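Dear colleague,

Please find the structure below, together with its sequence. I would be grateful if you would read the notes that follow with the model open beside them.

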Amino acid sequence: DDDRRETVSDFAKRLGAPIVLNGGYFRMDLNPAKHVGILKVDGELIHAATTSVLRDEQRFYLHRAALGFDSDNKMGINWVSSTGDSVFYWTRPVRNEPGTPGERPDTSYRKLWNFRDILGGGPQLIRNGEKYISVDEEVFFGTSIPQVHPRTAAGITENGELILLLVDGRQLISRGVDLIELTNILFDLGCTEGINLDGGGSSALVVNGILLNKPAGTSNEREVMSALAVFAD
């Protein structure tokens, strides 16, 4: 609609999808909303990848993690950048540390990522079968992202299956999880690649038209800008 936001339930109803959960970060203070990080849908680049952020008046260049689907629905999770309409993945992230911006790697570390749909998030949690939480590299330090929150995440198993995970939080029966706990859950589920997505009050899971969780401990859904939808064959 005009503000470019709707609830996960609205996504599910409009798309006719049996399973939908929230997707990437976005600016809640803007109308219309603006995605934070890359968003590509049906081959159209809606928002470019994040290239840099400021922390304590220091400029950090970065490549943040994203989840991608190609035309055959093959999936991947990589650190990405974009130039014009082209998207690239990087075999290594920028080596940022709190207080110390890393050197920008040369383009020999990047390759074209021709995926039809790409959803930015971060940080990456699992890479090549190993736990790798790239909080510093993706410059999520100095934010609340690493702390305990309700969570939405995605993982890919060794045989190419997609795992979509939501952890409820901010309530007596479920406080939420931090990134280490979230990574351990995905790892125990057999994921060899994993990514954190938008969480907190945005985390919502709708199955067959029913909201299954309590977003941030309530029954009210936050309007979000992007979502992941699963369609029946």
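The notes below deal with charged side chains and then with aromatic rings.

Please keep in mind that this is a predicted model.

Salt bridges

Side chains of opposite charge can pair when their charged atoms come close. A search of the whole structure finds four salt bridges, and three of them are described here, including the one between E6 and R14.

In that pair, the closest N and O atoms of E6 and R14 are 2.5 Å apart. The two partners differ in their surroundings: E6 has a relative accessible area of 13% and is therefore buried, since buried means under 20%. R14, at 54%, is exposed, because the cut-off for that class is over 50%.

D29 forms a salt bridge with R27, and here the closest N and O atoms lie 2.8 Å apart. D29 is exposed, with a relative accessible area of 55%. Its partner R27 has a relative accessibility of 36% and counts as partly exposed, because this value falls between the two cut-offs.

The salt bridge between D117 and R116 has its closest N and O atoms 2.4 Å apart. D117 is buried, its relative accessible area being 14%, whereas R116 is partly exposed at 28%.

Aromatic pairs

A pair of aromatic rings is described by the distance of the centres and the angle of the planes. The structure holds five aromatic pairs. One of them joins W113 and F115, with 4.4 Å from centre to centre and 20 degrees between the planes. This pair counts as stacked because its angle is under 30 degrees. Both W113 and F115 are buried.

Which residues do ring pairs link into a cluster together with W113? The cluster consists of Y89, W113 and F115.

Charges over rings

Charged side chains also occur over aromatic rings in this model. R64 lies over the face of F140, at a distance of 4.0 Å from the ring centre. In a second case, the charged end of K131 is placed over the ring of F187, 4.8 Å from the centre of that ring.

When you go through the model, I suggest that you begin with E6 and R14, where a buried residue is joined by a salt bridge to an exposed one. You may then turn to W113 and F115, the stacked pair, and follow the cluster from there to Y89.

Yours sincerely,
A colleague

Methods: Residues numbered from 1 in each chain as written. Predicted model: local features only at pLDDT ≥ 70, side-chain atom pairs only at ≥ 80, totals over all residues. Heavy atoms only, no water. Salt bridge = Lys/Arg side-chain N within 4 Å of Asp/Glu carboxyl O. Buried < 20%, exposed > 50% of the residue type's maximum accessible area, 1.4 Å probe, protein only. Phe/Tyr/Trp six-rings, centres within 6.5 Å; stacked < 30°, edge-to-face > 60°. Lys NZ or Arg CZ within 6 Å of the ring centre and 35° of its normal.
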